[in-house]
Amino acid sequence: MNVKKKKLGLTTAIFIALLAGAVTGILLHYVVPAGFVRDEVVIGGIFYVIGNGFVRLMQMLVVPLVFCSLVCGSMAMGDTKKLGKIGVKTLGFYLVTTALAISAAILVAKVINPGLGLDMSSIEAADIAIAEKMSLADTILNIIPTNPLEALANGEMLPIILFALIVGILLAKMGESVETVGNFFSQFNDIMMQMTVLVMKMAPYGVFCLIAKTFSGIGFDAFVPLLKYMAAVLLALAVQCLVVYMTMLKGFTGLSPVVFLKKFLPVMGFAFSTATSNATIPLSVDTLHKKMGVSKRISSFTIPLGATINMDGTAIMQGVAVVFAAQAFGIALTGADYMTVILTATLASIGTAGVPGVGLITLSMVFASVGLPVEAIALIMGIDRILDMCRTAVNITGDAVCTTIVACQDGAMKREVFLDPGAGVMAAE
């Protein structure tokens, strides 16, 4: 009797790869003796090349995909008033949730007191990259590209977003006279989506190598000196993701948070393994459309924008890190200092690149704003990779919740797709 073998779905394969990578990394760290084969051939060779090669493939897609999807999104929206309304609503949501995130992080950290009683001698020193403090005026001016092609080449997301929106709006206004150009962007966008599907077939191998390399380097020992700091960050991330976001989702749309989390979990797992918001853009847009019924007209605008300016997870890390460093170095911070931290971290999140580890660089700007020693960042560098993975998952969940709320309010969401447990499964798998 021939029984047709069920093909392993991509989502399942990614999660299996994630768990297998963690186990492999821990075994390499504790069981396999250090040496040329383990360190240079396996970890520094195979895992490094395949893992980072996969991330590079995803990053290769980001700029052309974001540009084309935003042009198509704003072109499809047509009405500039509608686009402006959605843009203001999305921007407001992102800034408010970021301010809430860092406020919650500071409160959680004040309760847990992660920096009290820290043995400074057990922490490794490290070189810190210092972020240049930028004024609000310069931050706004930097959104306008002096050379759009240079912005595209350098992957500067905010200038790319602005330029793409202007191109899309003009294409919509000019109508049939520029139909050829409009068709070019639509077709090129389809090509990029197909390329995304192709690259995603590599995901399980890339995820396995990335996770295995991370755990082979840190094991469990690196967690011990900074366990309270980790607990504070993870608790604040959980509050933001499961309480703040889900309350907003239920309050503004009436949709079930449980259904939302269940359908979006594979994307969160992917974001966790890659630790880059930008690389998750194609999968987020696809999942929201196929599994939740959100119009690509909305998501192609809000998701790339969120990956650029909505860094709630990063803001949470910065809030906890400020309290941690102040306590570790015995520096008393006032209420005004904490207000400065909230403001600085919220502004610093705008334009922060959605790539691994960038939160530590912008953290130097936040520390400088309240006079904390920048050297304190060295205390948390050892375990930041794991936390970076967690906060990336929170970042992209915030983008998806915002997109769902905006789509619901704009009538651009099919609720029957959201309620259908089988929606998008065949396509996604």
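# A tour of the helices and salt bridges

Select Leu 234 to begin: leaving aside residues up to four places away in sequence, Leu 234 touches Leu 387 and Cys 390. The model on screen is a predicted one. Leu 234 belongs to helix H9. With a relative accessibility of 35%, Leu 234 counts as partly exposed. Now add Gly 313 to the selection. Gly 313 is 79 residues from Leu 234 along the chain, and the C-alpha atoms of the two are separated by 9.6 Å.

**The whole chain**

Zoom out before going on. The chain has 18 helices and zero strands. Of its 429 residues, 54% are buried. Consider the contacts between residues at least 6 apart in sequence: 85% of these join residues at least 24 apart.

**Helices H9 and H10**

Two packed helices are described by the angle between their axes and the distance between the axes. Select residues 227-253 for H9 and residues 257-274 for H10; their axes come within 11 Å and cross at roughly 125 degrees. Because of that angle, H9 is oblique to H10. The crossing of these two helices is right-handed.

Show the side chains where they meet. On the H9 side, select Cys 241, Leu 242, Met 246, Leu 249 and Lys 250. On the H10 side, select Pro 257, Phe 260, Leu 261 and Met 268. Which classes of residue make up the contact of H9 with H10? Eight are nonpolar, none is polar and one is charged.

**Helices H10 and H11**

Keep H10 selected and add H11, residues 277-292. The axes of H10 and H11 are 10 Å apart, and the helices pack at an angle of about 170 degrees. H10 is therefore roughly antiparallel to H11.

In H10, the residues to show are Phe 260, Lys 263, Phe 264, Pro 266, Val 267, Phe 270, Ala 271 and Thr 274. They meet Ala 279, Thr 280, Leu 283, Ser 284, Thr 287, Lys 291 and Met 292 in H11. By class, this contact of H10 with H11 has nine nonpolar, four polar and two charged residues. Phe 260 of H10 is listed in the contact with H9 and also in the contact with H11.

**Three salt bridges**

Side chains of opposite charge can pair when their charged atoms come close. How many salt bridges does a search of the whole structure find? The search finds three.

Stay in H11 for one of them. Select Asp 286 and Lys 290, which form a salt bridge with their closest N and O atoms 3.2 Å apart. The two residues are four apart in H11, so about one helical turn separates Asp 286 from Lys 290. Lys 290 is partly exposed, at 30% relative accessibility.

Next, select Asp 410 and Arg 297. These residues form a salt bridge, and the closest N and O atoms are 3.2 Å apart. Asp 410 sits in the loop between helix H16 (384-409) and helix H17 (415-419), while Arg 297 sits in helix H12 (residues 296-309), so the pair ties together parts that are 113 residues apart in sequence. Asp 410 has a relative accessibility of 22% and counts as partly exposed.

For another salt bridge, select Arg 38 and Asp 39. Their side chains meet at 2.8 Å, N to O. Are these two residues buried or partly exposed? Arg 38 is buried, with a relative accessible area of 14%. Asp 39 is partly exposed, with a relative accessible area of 28%. The cut-off for buried is under 20% relative accessible area, so the two residues are classed apart.

**Two more stops**

Select Asn 113, in the loop between helix H3 (80-112) and helix H4 (136-141). What is phi of Asn 113 near? Phi is near 50 degrees, a positive value in a residue other than glycine. Asn 113 has a relative accessible area of 23% and is partly exposed.

End at Leu 165, in helix H6 (residues 157-174). Leu 165 counts as buried, at 15% relative accessibility. Add Ser 69 to the selection: the C-alpha atoms of Leu 165 and Ser 69 are separated by 9.8 Å, and the two residues are 96 apart along the chain.

Technical notes: Residues are numbered from 1 along each chain as its sequence is written. This is a predicted model: local features need pLDDT of at least 70, side-chain atom pairs count only at pLDDT 80 or more; totals for chains, interfaces and linings use all residues. Side-chain values use heavy atoms; hydrogens and water are left out. Axes are lines fitted to C-alpha atoms, for helices over the stretch in contact, and angles run from 0 to 180 degrees between N-to-C directions. Angles under 35 degrees count as roughly parallel, over 145 as roughly antiparallel, 65 to 115 as roughly perpendicular and the rest as oblique. A crossing is left-handed if the near helix is turned anticlockwise from the far one by less than a right angle, and right-handed if clockwise. Contact means heavy atoms within 4.5 Å. Ala, Val, Leu, Ile, Met, Phe, Trp, Tyr, Cys and Pro count as nonpolar, Asp, Glu, Lys and Arg as charged, and the others, Gly among them, as polar. A salt bridge is a side-chain nitrogen of Lys or Arg within 4 Å of a carboxyl oxygen of Asp or Glu. Buried means under 20% relative accessible area, exposed over 50%, partly exposed in between (1.4 Å probe, protein chains only).
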